[in-house]
Amino acid sequence: MPIRWLTNRRLTWALVGLGLALRLYHYARGRAVWHDEAALVLNALDKGFLELLGPLRFSEAAPPLFLWLTRAASLALGDGPLALRLLPFLASCASLLLLASSARRLLPERAVPWAVLLFAVSEQLLWHASEAKPYAMDVLCATALIALYARVRPEAVGRWCLLFAALAPLMIWTSYPACFLLGGLVLALLPAVWRQRSIEAGLCFGLLGVSISGAFLALLLGPIHAQHDPVIHECWQNSFPDWSRPWSVPGWAFLSTLGACRYCCKPVGEAFAFLAALGAVGLWRGGRRGWTVLLLGPSALALLAACLHRYPYTGARVMVFAAPAVVLLTAAGADRAFAWLATRRRAACAVLAALLLWPMAHALRTAVFVWPETDSAGAADYVQGRRQPGEPVRGNNWSHEYYFRHLGPEFALQGEGPVPAGDRMWVVFASEGHDHGQRLALARQMAPPGWRLAEQRELSFTSVGLFERAGEEQARR
């Protein structure tokens, strides 16, 4: 290994500190609530605990226990973004600590910092740590199972099965992909249970299967069935294989796997996929077959579900639960690559190190030049600072309903609400796909015919307009 300073244990914890600091920074800066996030938040704010087990507004889908925890946070701490995002933030921080602990048990010491670095600076993990969505909980479930599996001893596998059986319902009702994670765990534990040849271990393993199956079945027949929506399925239509062209399925699976790796380790995750494959081969040949199954099994089960058109397998947020496995396998593969290159092409070691450091440079750049985002919060502040009592507000984005929720019937989404009875109305139009001129033209279409634009303000991806009745129409009134 040419970069010997990476074997220093203090470096590992320095990288943990960097990851925690980046998560705290993005959480504390309070970026605006975005479109899909607002849809989930509005459900948690407006519905009671029992109602959250049923259909959700805006064609949303989310694990019921996560919705309950989000609602509980709003009742205890308020409905501001920081309160609503507290659970994902804490989950992301806990995931980083668990990943660091697990990496020390699985990987050679010199490979541990690489795994911690890639996990600490992952752009998507930083994003999910600062939004009120369940994806940080998906990652927490993954890292928690990995950390617990690292402590399993073959002679006590039965007792560990009982612990996993107790945790399974909580995980499944908190994270939809937990069924894949627990499925990978079952496959990883099976050889140890088989070698025990103990009735006690077999019964405990069977209880684990019953716990997972029962919790998933209850979720499937209850909240998942209630939340099933053709709109959701349509959104992910391109994430399934085309069985009318079966010869295209292997290529689809390969490209989707690369996409999932890229999502977990932007911007070079596709290259890391090959290192991860090398790491998986090394673990298998090195006798760590249970670990190999645990890390690869959940993604394989998700791929199987995608082949049945039951779960999207793609380079998107629904696959972020694979991030811990991707970084651990990538670090294992990088360690093998460094060892091979060190005796042949030392310059290639520097190239590989630069590739592994690229996500950190990307994350630090993002901390300075933050993600471009729709400034719904700034638009709401602008309108609320100038709006007179009784003046209606119209918006085209679910985040607008969140920020104007206190207005009650005086706010309505585009296409909803009655024609204003007064002489003034505010229109907020958000779109990342249009320039300010196009946004303003579309905002004009949200005002009644004949009304004139009296005031306007341009914000990030957002146009705000104050519209007034034209003179003749006002005179007729």
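Student: Which residues of helix 1 meet which residues of helix 17?
Tutor: On the helix 1 side they are Leu18, Leu22, Tyr25 and His26, and they meet Met360, Ala363, Leu364, Thr366 and Ala367 of helix 17. Contact means heavy atoms within 4.5 Å, and helices are DSSP runs of H or I with at least four residues, numbered from the N terminus.

Student: And what's the mix of residue classes in that contact of helix 1 with helix 17?
Tutor: There are 7 nonpolar and 2 polar residues, and no charged ones. Here Ala, Val, Leu, Ile, Met, Phe, Trp, Tyr, Cys and Pro count as nonpolar, Asp, Glu, Lys and Arg as charged, and the others, Gly among them, as polar.

Student: Before we go on, what sort of model is this?
Tutor: This is a predicted model, where local features need pLDDT of at least 70 and side-chain atom pairs count only at pLDDT 80 or more, while totals for chains, interfaces and linings use all residues. Residues are numbered from 1 along each chain as its sequence is written, and side-chain values use heavy atoms, with hydrogens and water left out.

Student: Thanks! Back to the packing: at what angle do the axes of helix 1 and helix 17 cross?
Tutor: Roughly 30°, and the axes come within 11 Å; helix 1 spans residues 9–28 and helix 17 spans residues 346–368. The axes are lines fitted to C-alpha atoms over the stretch in contact, with angles from 0 to 180 degrees between N-to-C directions. The two helices are therefore roughly parallel to each other, a word used for angles under 35 degrees.

Student: How about helix 9 and helix 11, how do their axes cross?
Tutor: At roughly 5°, with the axes of helix 9 (residues 157–174) and helix 11 coming within 7 Å. That makes helix 9 roughly parallel to helix 11. Helix 9 brings residues including Val157, Gly158, Cys161, Phe164 and Trp173 to the contact, and helix 11 brings residues including Ala201, Cys204, Phe205, Ser211 and Pro223. By class, the contact of helix 9 with helix 11 has 20 nonpolar residues, 2 polar and no charged.

Student: And what angle do helix 13 and helix 14 pack at?
Tutor: About 105°, with their axes 7 Å apart. That makes helix 13 roughly perpendicular to helix 14, the label for 65 to 115 degrees. Phe254, Leu258, Cys261 and Arg262 of helix 13 meet Gly269, Glu270, Ala273 and Phe274 of helix 14. This contact of helix 13 with helix 14 has 5 nonpolar, 1 polar and 2 charged residues.

Student: What's in the loop between helix 13 and helix 14?
Tutor: Pro267 is there, with helix 13 covering 249–264 and helix 14 covering 269–285. A cis peptide bond joins Lys266 to Pro267, with omega at about 0°.

Student: Cute. Where does Ser59 sit?
Tutor: In the loop between helix 2 (35–46) and helix 3 (64–77). Ser59 has a positive phi of about 55°, although it is not a glycine.

Student: New topic: how much space is in the largest pocket?
Tutor: About 1,400 Å³. On a 1 Å grid over the protein atoms alone, a pocket is an open set of points with protein on both sides within 12 Å along at least five of seven lines, whereas a cavity is a set where a 1.4 Å probe fits but cannot get out; lining residues have an atom within 4 Å of a point. Points are joined across faces, edges and corners, and a volume is the space filled by probe spheres set on them.

Student: So how many residues line the largest pocket?
Tutor: 45, with Tyr176, Ile224, Arg310, Tyr311 and Pro312 nearest its centre. Helix 11 gives the largest share of that lining, 10 residues. The lining of the largest pocket splits into 29 nonpolar, 9 polar and 7 charged residues.

Student: How many cavities of 30 Å³ or more are there?
Tutor: The structure holds 2. The largest cavity has a volume of about 100 Å³, and the second largest has about 40 Å³.

Student: What lines the largest cavity?
Tutor: Residues including Ala142, Leu145, Leu181, Pro298, Ser299 and Phe321. Helix 15 gives the largest share, 4 residues. By class, the lining of the largest cavity has 11 nonpolar and 1 polar residues, with no charged ones.

Student: And the second largest cavity, what lines that?
Tutor: Arg23, Ser92, Ser95, Phe119, Leu125, His128, Ala136 and Val139. Helix 5 (86–106), helix 7 (123–128) and helix 8 each give two or more residues to this lining. The classes in the lining of the second largest cavity are 4 nonpolar, 3 polar and 1 charged.

Conventions:
Parallel < 35°, antiparallel > 145°, perpendicular 65-115°, else oblique.
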